[in-house]
Amino acid sequence: MPRIVPVLDLSRLEQGASEHRTFLLDLRTAARDVGFFYLSGHGISASEIDEVLDASRRFFALPEADKLAIEMVKSSQFRGYTRAGGELTKGAADWREQLDIGVERLPIPQGPGIAPWTRLQGPNQWPSALPDLKPALLAWQARATAVAIRLLKAFALSLDQPEHAFDAIYRDSPNHRMKIVRYPGRDAREGDQGVGAHKDGGFLTLLLQDDNKGLQVEYDDSWVNVDPIPGTLVVNIGELLELASNGYLRATVHRVVTPPAGVERISVPFFFSARLDATIPLLNLPDELAAEARGPASDPDNPLFRDVGTNVLKSRLRSHPDVARRHYADLLEPGAVRP
C-alpha cells in the first residue's frame with residue numbers, strides 16, 4: 001500500500017531545474033491532497049534535533065512548582081506553562097502539558113483605539129530553574145523559521161506566483177510561535193484526547209516528534225497515522241494558505257491520541273505565520289488552478305478572518321479561557337467589541 005502521507009526532500013530545490021520543478025509539483029499535490037507531508041533534507045542536524053528534545057524533557061522533569069511559576073495565566077501574551085487539561089479544543093480538555101513561547105518583543109503600549117490583538121506582542125516567560133532552556137528554544141525557533149521561509153517561497157512558486165509573493169506580510173516581524181509538549185500516558189478508559197481534532201491557523205506548521213506515535217490526520221473520512229520517521233519534520237499547511245489560495249490548498253484536520261499508560265510522547269510544534277498587523281491577500285491563481293479552488297472552508301462556530309491579529313486572538317481566547325478571563329475580560333462582556 002502506498003504511503004498516504006508522503007516524504008518530500010527539501011534539498012531537491014537545489015538539484016537542478018528539472019528536479020526543482022518536480023519538487024514544486026509534488027509539494028502542491030501533497031498539500032492539496034492530504035495536507036500533510038514529512039520533510040527531509042531540511043538542513044537541521046540530528047544533534048540539533050536531540051538538543052531541543054533533551055531540553056524539553058528536562059523542562060518537564062522540573063518540580064511542578066518551578067513550572068507553575070511561569071504558568072500561562074500570568075501572561076497576557078498567552079506565553080508560559082499549561083498543565084495537562086488546561087487547554088481546550090472545541091471545549092474539551094487536551095491531555096498534555098506544554099510550554100508556549102513566541103517572538104521576544106517589547107509590549108505595544110495600550111490606550112484608546114488600540115486594537116485588542118496588540119496585547120499579544122510581548123515577552124516570554126522562562127523558568128529560572130532551567131536557564132539553558134531559553135537559548136535552546138530560541139535556537140530552534142531560528143532554525144525552524146529558516147526552513148519555514150524556504151517552504152513558503154516554494155509554495156508560492158508551486159502556485160505559479162512570484163517567489164516573494166508572501167514576503168510583505170511576514171518580512172521583518174513574522175508572528176511565529178512554538179510549543180514544547182509532553183503527552184503523559186494514561187489508561188484509555190480515562191479518555192484518549194491528547195489534542196482534539198482541529199486545523200492550524202498560520203501559514204505552515206513544522207512538527208518535530210520523538211519516537212512515540214499519536215499524531216493522526218483526517219483523510220477520506222478516516223484517521224491516518226503520521227508515525228515518526230527519524231530525521232524528518234512533519235509539515236502541514238494552515239488556514240492562512242487556505243485563505244490566500246481561495247481554498248485551492250486546504251488546512252487539514254488532525255489530532256493527537258494520548259499514549260498508553262506508562263509511555264510519554266514529546267513533540268515540538270512550530271507555527272509560522274504572518275505579522276499580526278497583516279491582512280491576507282487573495283492570490284491571482286492561473287486559470288487552471290483557480291478553476292479547482294473550492295473557497296476556504298469556514299466553520300460557522302469558528303470563522304476565518306483575513307486580519308491576522310484578529311484570527312490569532314480569537315483562537316487564543318477560545319483555547320485558554322483562564323487567560324481570557326484574567327487579561328481580556330473587557331472583550332468577554334456582553335456587547336463588547338470583539339477582537
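Mentor: Buried means under 20% relative accessible area, exposed means over 50%, and partly exposed lies in between, with a 1.4 Å probe and protein chains only. The model is predicted, so local features need pLDDT of at least 70 and side-chain atom pairs count only at pLDDT 80 or more, whereas totals for chains, interfaces and linings use all residues. Residues are numbered from 1 along each chain as its sequence is written, and side-chain values use heavy atoms, with hydrogens and water left out.

Trainee: Why does asparagine 246 count as partly exposed?

Mentor: Its relative accessibility is 31%, which lies between the two limits, and therefore asparagine 246 is partly exposed. The residue sits in the loop between helix H6 (239-244) and strand S13 (254-257), where helices (H or I, at least four residues) and strands (E, at least two) are DSSP runs numbered from the N terminus. Asparagine 246 also has a positive phi of about 55° although it is not a glycine.

Trainee: Why is aspartate 220 called exposed?

Mentor: Aspartate 220 has a relative accessible area of 64%, and because this is over 50% the residue is exposed. Its place is in the loop between strand S10 (215-219) and strand S11 (222-225), and its phi is positive too, at about 50°, although aspartate 220 is not a glycine.

Trainee: What makes phenylalanine 166 buried?

Mentor: A relative accessible area of 1% is under 20%, so phenylalanine 166 is buried. It is found in the loop between H4 and helix H5 (167-170). Contact means heavy atoms within 4.5 Å, and, leaving aside neighbours within four places in sequence, phenylalanine 166 is in contact with Leu152, Ala156, Phe203, Leu241, Ala244 and Leu283.

Trainee: Which residues touch the most other members of the largest nonpolar core?

Mentor: A nonpolar core is a set of buried Ala, Val, Leu, Ile, Met, Phe, Trp, Tyr and Cys residues joined through side-chain atoms within 4.5 Å. The largest one has 69 residues, of which Phe59, Trp140, Phe166, Phe203 and Leu204 touch the most other members. Helix H4 (residues 133-158) gives the most to this core, with 12 residues. Apart from it lies another core, of 15 residues, among them Val195, Leu207, Val224 and Val256. In soluble globular proteins, nonpolar side chains tend to be buried together.

Trainee: Why is isoleucine 149 partly exposed rather than buried?

Mentor: Isoleucine 149 has a relative accessible area of 23%, and because that value falls between 20% and 50% the residue is partly exposed. Isoleucine 149 lies in helix H4, and it touches Tyr170 and Phe272, not counting residues up to four places away in sequence.

Trainee: How do you know that the span of H8 agrees with its expected value?

Mentor: The expected span of a helix is 1.5 Å times one less than its number of residues. Helix H8 (residues 308-319) has 12 residues and should therefore span 16 Å, and its end C-alpha atoms are 17 Å apart, which agrees. H4, with 26 residues, reaches 37 Å from its first C-alpha to its last, close to the 38 Å expected.

Trainee: What makes H8 mostly covered?

Mentor: Nine of its 12 residues are buried, including Val308, Gly309, Thr310 and Asn311. What covers the buried residues of H8 includes strand S6 (97-102), strand S7 (177-184) and helix H9 (321-327).

Trainee: What lines the second largest pocket?

Mentor: On a 1 Å grid over the protein atoms alone, a pocket is an open set of points where a 1.4 Å probe fits, with protein on both sides within 12 Å along at least five of seven lines, and lining residues have an atom within 4 Å of a point. The second largest pocket is lined by 17 residues, of which Ile49, Leu53, Gln209, Asp211 and Gly231 lie nearest its centre. H2 gives the most to this lining, with six residues.
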